[in-house]
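Please load the model in your viewer and set it to a cartoon representation with side chains available on demand. The stops below are given in the order in which they may be selected.

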Amino acid sequence: MGVKLVLLFWIVMMMMRIGSGQLSSTFYSSSCPNVLSTIRAEVRSAVSKESRMGASLLRLHFHDCFVNGCDGSILLDDTSSFTGEKNAGPNANSVRGFDVVDNIKTKVEASCPGVVSCADILAVAARDSVVALGGPSWTVALGRRDSTTASQSTANSDIPAPTLNLTALISSFSNKGLSTKDLVALSGSHTIGQARCTTFRARLYNEANIDSSFATSTKANCPNSGGDNTLSPLDVTTPNTFDNAYFKNLVANKGLLHSDQQLFSGGSTNSQVNTYNSNAATFKSDFAAAMVKMGNISPLTGSQGQIRTNCRKVN
């Protein structure tokens with residue numbers, strides 16, 4: 001009987017150990033019960049002031065997760081002895097929303113000091129941003145901890161560039177455990193937000209698979225030289241609403257980025273784009289499922305990392 005008890009105890013302990021490394025939707029239910037409502041209120045306020053902020057907060061989570069997992073590393077400022085990810089090629093002069101994250105963190109710290117990670121704040125803020133712009137909701141699993149390091153080189157290599165072709169895009173997502181279906185669904189996030197002229201100029205002036213009237217009107221905002229930072233909406237139809245217009249644009253050869261139009265260029269993803277083009281509900285449910293998968297990329301849990309008091313610097 002004693003042996004059985006010891007064995008049972010060992011099994012229970014192993015299950016607890018395995019469970020401790022898992023994310024859970026109820027992670028803060030007792031330690032910080034108001035965290036979700038606090039984040040939601042701050043995100044709603046920020047997006048109501050500037051609708052573009054919804055896309056910016058969503059992008060922060062994406063660019064965080066693609067660099068060594070969803071660990072809040074993108075939020076770390078450079079110092080004299082530390083190089084973060086903010087000035088990597090995909091992020092420099094384009095990632096934004098750090099002040100909104102700071103505001104959320106300040107509010108959360110006031111009620112639950114040292115409890116909620118910056119990585120979790122990013123994950124929840126991304127979801128709440130999508131909801132604020134009319135998109136789907138999903139249950140965010142929580143319990144991520146914050147990294148004490150960052151990698152500018154990994155940000156440069158792993159965040160997919162707007163110049164990538166379909167094969168490279170599929171590979172980039174596959175390297176993170178995300179399927180081609182996830183790639184197409186997550187690319188639908190480009191139904192909101194804006195891009196800088198420098199990221200799509202080559203497509204405007206050199207590519208044939210682009211609607212001529214769309215190209216002409218967009219060139220007015222993006223000359224052949226100069227105006228690199230002038231912005232154009234990624235979805236020319238409904239730029240501030242999270243819907244399936246992005247896919248309708250692709251079918252009409254009105255994808256702004258080269259990487260966007262690659263999803264509908266005669267390749268393996270055409271059928272998925274067609275599905276989302278004709279069925280907004282399917283897109284929204286697939287997007288929500290893909291966001292859960294992306295949010296689960298290599299999180300720090302248990303005793304790994306730390307809970308940063310200030311999201312911009314290590315404790």
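Select helix α8, residues 180-187, and display its surroundings: its buried residues pack against α7 (166-174), α11 (245-251), α13 and α14 (280-295). The model is a predicted one. Which residues of α8 are buried? They are Asp182, Leu183, Val184, Ala185, Leu186 and Ser187. The helix is thus mostly covered, with 6 of its 8 residues buried.

Next, add helix α13, residues 270-278, to the selection. The axes of α8 and α13 lie 10 Å apart, and the two helices pack at an angle of about 40°. At what angle range does a pair count as oblique rather than roughly parallel? Angles under 35 degrees count as roughly parallel, and α8 and α13 are therefore oblique to each other. Their crossing is right-handed. To see the contact itself, show Lys181, Val184 and Ala185 on the α8 side, which meet Gln272, Val273 and Tyr276 on the α13 side. Sorted by class, this contact holds 4 nonpolar residues, 1 polar and 1 charged. Val184 and Ala185 belong to the buried set of α8 as well as to this contact.

**The nonpolar cores**

Now select Leu263, Phe287 and Met294. Within the largest nonpolar core, which has 67 residues, these three touch the most other members. Helix α5, residues 118-132, supplies the largest share of this core, namely 8 residues. A second core, separate from that one, has 11 residues, among them Phe200, Ile210, Leu234 and Leu257.

Centre the view on methionine 294. Which residues does methionine 294 touch, not counting residues up to four places away in sequence? The contacts are His61, Phe62, Cys65, Phe66, Cys70, Leu178 and Leu186. Leu186 is one of the buried residues of α8 already visited.

**Helices α3 and α14**

Keep Met294 on display and select α3 (52-65) together with α14 (280-295). The axes of these two helices come within 10 Å and cross at roughly 45°. That makes α3 oblique to α14. From α3, Leu58, His61, Phe62 and Cys65 meet Phe287, Met291, Met294 and Gly295 of α14. The residues of this contact divide into 6 nonpolar and 2 polar, with no charged residue. Phe287 and Met294, part of this contact, are also among the residues that touch the most other members of the largest core.

**Helices α2 and α4**

Move to α2, residues 35-49, and α4, residues 98-111. Here the axes come within 10 Å and cross at roughly 150°. Why do these helices count as roughly antiparallel? Angles over 145 degrees fall in that class, and the crossing angle therefore makes α2 roughly antiparallel to α4. The crossing of α2 past α4 is right-handed. Display Val35, Thr38, Ile39, Glu42, Val43 and Ala46 of α2 with Val100, Asn103, Ile104, Lys107 and Val108 of α4, which make the contact. By class, the contact has 7 nonpolar, 2 polar and 2 charged residues.

Within this contact, select glutamate 42. Is glutamate 42 buried or exposed? Its relative accessible area is 17%, and the limit for a buried residue is under 20%, so glutamate 42 is buried. Leaving aside neighbours within four places in sequence, glutamate 42 is in contact with Asn103, Ile104 and Lys107. Asparagine 103, by contrast, counts as partly exposed, at 42% relative accessibility.

**The loop between α3 and α4**

Select aspartate 78, which lies in the loop between α3 and α4. At 35% relative accessibility, aspartate 78 counts as partly exposed. Apart from residues up to four places away in sequence, aspartate 78 touches Thr83, Gly84 and Asn87. Then place a distance label between the C-alpha atoms of aspartate 78 and lysine 313: the two are 8.7 Å apart in space and 235 residues apart in sequence.

Asparagine 93 lies in the loop between α3 and α4. Asparagine 93 is not a glycine, yet its phi is positive, near 60°. With 69% relative accessibility, asparagine 93 counts as exposed.

**Last stop**

Finally, select asparagine 253 in the loop between α11 and α12 (258-261). Asparagine 253 has a positive phi of about 60° although it is not a glycine. At 27% relative accessibility, asparagine 253 counts as partly exposed.

How values were computed:
Residues are numbered from 1 along each chain as its sequence is written. This is a predicted model: local features need pLDDT of at least 70, side-chain atom pairs count only at pLDDT 80 or more; totals for chains, interfaces and linings use all residues. Side-chain values use heavy atoms; hydrogens and water are left out. Axes are lines fitted to C-alpha atoms, for helices over the stretch in contact, and angles run from 0 to 180 degrees between N-to-C directions. Helices (H or I, at least four residues) and strands (E, at least two) are DSSP runs, numbered from the N terminus. Angles under 35 degrees count as roughly parallel, over 145 as roughly antiparallel, 65 to 115 as roughly perpendicular and the rest as oblique. A crossing is left-handed if the near helix is turned anticlockwise from the far one by less than a right angle, and right-handed if clockwise. Contact means heavy atoms within 4.5 Å. Ala, Val, Leu, Ile, Met, Phe, Trp, Tyr, Cys and Pro count as nonpolar, Asp, Glu, Lys and Arg as charged, and the others, Gly among them, as polar. A nonpolar core is a set of buried Ala, Val, Leu, Ile, Met, Phe, Trp, Tyr and Cys residues joined through side-chain atoms within 4.5 Å. Buried means under 20% relative accessible area, exposed over 50%, partly exposed in between (1.4 Å probe, protein chains only).
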